[in-house]
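Trainee: I'd like a close look at one part of this structure, and then how that part sits among its surroundings. Could you walk me through it?

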Amino acid sequence: MKKRIFLLILGVNVFYIGTSQNRNSISEFNNDILNIGYGIKMSSDSTKNTFSISGVDASVFGKSTAIDPTKALYGKIAGLNVYQGSGSSADNVSSLSFHGSAPLVLVDGFPRKITDVNPQEIETCFLLKDATATALYGMKGANGVLVVNTKRGIEGKMNIKVEYDFGVNTSFRAPEFADAYMYATSLNTALQNDGLSPRYNNLELDAFRTGKYPYEFPNVDWWKHTMNNVGFTHNLKFSFVGGSSKFRYFTSVSYYRDLSMLKDNTSDSRYNISPTDTRLGIRTNIDSDITKSTFFKINVAGNLKEINESRYGRNAIFNKIYATPSAAFPIFYDNDIYGGNSTYGENNPVALLKDYGQRRTMLASLMVDASMKQELDALTKGLSAEVSVSYDNTGSLSEESIKEYRYMDAGAKLSPIDGTLSTNPIIYGLDSEILEHNLPFESLMMRSDFQAKISYERLFGNKHQLDGALIYDMQSYTNNGRNTSNKNLSYMAVASYMYDNRYVINAVFNRSGSAYLKDGNKFRNYPAVSFAWNINNEKFLKNVSLINRLKFRTSYGLSGWDEALSHELWRFSYTNGGGYNFGDNATGVGGLTEGVLPILSLQPVKVERFTSGIDFSAFGNRLNLEFDGFYERRSNMLVSGTNSVSEIIGIGVGQLCEGTNKYKGVDFSLNWDDNVSDIYYHVGMNGSYLNSEVVNNNQAFQQYDYLYQKGNRVGQMYGLEAIGFFTSQLDINNSPKQTFSEVRPGDIKYKDQNGDHIIDSNDVVKMFGSNIPRFYFGVDLGLRYKGFEISADFQGLTGKTINLLDSPLYNAPLVNNGNISATYLNREICWSPENKQNATMPRLTSTANNNNYRNSSFWYRDGSFIKLRNLYLAYTFSKKDTKFADIKFFLQGNNLFSLDNIHFADPELLGIAYPSVRSYSVGIKLIF
């Protein structure tokens, strides 16, 4: 077995485990070239470059069984935080954050979504972080740039890979709702706390408890009757790679089908609501050397997706599951009519899921990009020209089968005297005998890009290397709907000079324009410069064998972001409104009214970025360290204009480009790779520390200094400081007046911050942390012995504050005929006169309570967590043993556990949604 091979590109820790017969990494596809966009190729000889880049190779995506590529990036790239998405596979796409902002994503050099590619198609994925790298992308680069490159063909006979995995999905920390007796008892308590009569008498409570009258006093576990315990996933992938010296190809075909945990219908054979997500994808990448100096490549990818579900919606159904008490009504009455009542209407969760009809949504996308490069050495050595184009088209439509159903309110009551059951049934609605059908158009998106480049690369003597390029980029994005399209145009000059493999300087100048800006003022300039010093190439270190690489780099420059803008913000507008009576009959006539003032100084967000870093390798490249310190000043952000302009002008003021924030921190990665005999092992960690400050958010004048948000962290949490519960009416009378709603014993008591004996918005202070984590990190461990392989990936964050009011289990249970959960009742102790000393929650109430359910220290919690995102176990039988192919069998688990402070729910998913998923997969991979 060969020793592990470590590839370090521009501070990028790219590594894989493998033998020459079993590799799944960048080394299979142009192992010494990294494409960062605009046809700019970076050599693995990192001495030539000054950029700060971190990333991963194909082996990371090769271990992922998720259809969403972002799921493979948890804790993998320094500086990139991956937030878990919500929903079933049809919706669950993780969001990406680079220092608190969503980065631009490029696929094969063109702006696209990372979900436009399948994981098995990805060769490399890198994050561009420093000023010169982000300045390349002008008004799109301020948030960092995530560059995704798909696999390419190689010279040689066809290599075929086949992989299939079967997954079982279970819910992770699903909610547990109160049974009917627990709900009814709690509701009675809440009503009594409000000074109202209880809804259920003792005999009715006993009927809920015993189940004596299952239709009139039901006990329905709505979660159990709408959700299965497991869901299933099938994932089949093929890839073909090969070619000759003049023609190379990579082709992949994938089939994916996910059956979610929502139940399907069994009562109506006319339609099928089996909750499935079915996808078919195909990609072909072709490289052709037309002549010795003319090179052509084309990439074509197509994806089909079909989502089948109940017409009510795979996500909307959870609003009803969470909100409907188990005691509200039965699923069916004994006459086979659905349960319902005047309070909850037709919103029977089972009926909405199964008997409301079907929706089938079809999505299709076609993505094509091509480039032609011509070397012009005949004119002068090192000169070349390249033209690239892309065109993407994505559309969707849906097909609906519409159905209605009857529901009944029994109007049941038990006499508190003799227990006589009385009913007053009322039937609402109609049962559909035939289905109505609808074929609504959903969406259409077209995106195109044209790029042209003239470049020059020349080595003078043995010590001077000069590289440069002039680049033109025109982008267009069109979506259905009014004012949803955008166009961008950029002119760039890029230059690099290296002396003696020791000193490198890069410079970028980008003049970038946006269609969002006013005519005559559409362009902005984004210059940047960076410097690198390859210290290990100095004479005093050349003979130090312990150090393999020591490099210092620094950069400074500007970049922009226009995605926060929209069309016509600079134009004065009129809206329908107002009117007066006019004419002989005094007929009402409508008219137009002035809109808010335009933004005359409309600007894209501007980011001033300074980065310095060190790349270090030692002990035969076993130890590798990448460290970056950064400072960013983000200005021209849109903020409310009403706070700084007096209302005396008589017209509304919308937004102003006056917001400014500052960010600073560090990104780092540390890896140790080694082998002892046939045992290879890897230990790696990367992390990011981020501190931020609000410099200007155009906040209005505040009476007290502590009310200003300036100087606090971006996303800082604010609220009232809770100091306990009111214990009696005397306690309320002797305390500062709380102005949010009527206060009763058992309500939350707040601190009077300004001493005016009134609790109001002037008592809101900053507290705890921010909704943006201060520190996030990843840890990956790997061990390989001959054919056996095991790896584990952990991701975590800290310094983030979350709000329990984001959870429907804690936000106003029972209020306005709401539900309550067993999770809440079993974990907490609600205030009552009997347990006022050990209460952990305010009194139960059935009416809106703006005093208790508002942002305060009472509800904020530490959102830190450490999750085991991926555990992978595999064994490979080599082709030498099987005689026809390398065969790998693998087991995998995802989201297996979380160490956090929440416990009752996923700390990343507190709201109403399809539950977080823990998945287990078994699969086989064949390489022919």
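Trainee: Let's take helix 3: how many residues does helix 3 have, and how far does it reach from its first C-alpha to its last?

Mentor: Sure, and keep in mind that this is a predicted model. Helix 3 covers residues 180–193, which makes 14 residues, and the reach from first C-alpha to last is 20 Å. That is close to the 20 Å expected at 1.5 Å a residue.

Start at the ends. Aspartate 179 caps the N-terminal end of helix 3, with a side-chain oxygen sitting 3.3 Å from the backbone nitrogen of tyrosine 181. Past the other end, just after helix 3, you'll find glycine 195 with a positive phi of about 80 degrees.

Now for what the helix tucks away. Its buried residues are Ala180, Tyr183, Ala184, Ser186, Leu187, Asn188, Ala190, Leu191 and Asn193. Helix 4 (202–210) and helix 10 (822–827) are among the things covering these buried residues of helix 3.

From there we get to the largest nonpolar core, a set of 74 residues. Tyr183, one of the buried residues of helix 3, is among the members that touch the most others, along with Phe318, Tyr810, Ile820, Tyr824, Trp859 and Phe904. Helix 3 gives the most to this core, namely six residues. As background, nonpolar side chains tend to be buried together in soluble globular proteins.

Tyr810 is a handy way to follow that core onward. Leaving aside neighbours within four places in sequence, tyrosine 810 is in contact with Leu804, Leu805, Tyr824, Arg827, Glu828, Met841, Tyr853, Trp859 and Phe904. Three names on that contact list, Tyr824, Trp859 and Phe904, also turn up among the core members touching the most others. There's also a second, separate core of 29 residues, including Tyr38, Ala131, Tyr137 and Val508.

For contrast, here are some strands. Five of them form an open sheet in the order 5-10-11-8-9, with mixed pairing. Strand 5 (53–57) and strand 9 (110–111) are the edges, each pairing on one side only. Strand 9 pairs with strand 8 (residues 104–107) in the antiparallel sense over two bridges, and valine 107 has phenylalanine 110 in strand 9 as its bridge partner.

Further along, strand 39 (residues 716–719) runs antiparallel to strand 44 (residues 765–770), joined by three bridges. Glutamine 716 has serine 770 of strand 44 as its bridge partner. In strand 39, Gln716 and Tyr718 point one way, Met717 and Gly719 point the other way, and all are buried.

Methods. Residues numbered from 1 in each chain as written. Predicted model: local features only at pLDDT ≥ 70, side-chain atom pairs only at ≥ 80, totals over all residues. Heavy atoms only, no water. Pairing = 2+ DSSP bridges. Helix = DSSP H or I, 4+ residues; strand = E, 2+ residues; numbered from the N terminus. Expected span 1.5 Å × (residues − 1). Buried < 20%, exposed > 50% of the residue type's maximum accessible area, 1.4 Å probe, protein only. Contact = heavy atoms within 4.5 Å. Polar contact = N/O pair within 3.5 Å; in protein donor to acceptor, adjacent residues only side chain to side chain. Core = buried A, V, L, I, M, F, W, Y, C linked by side-chain atoms within 4.5 Å.
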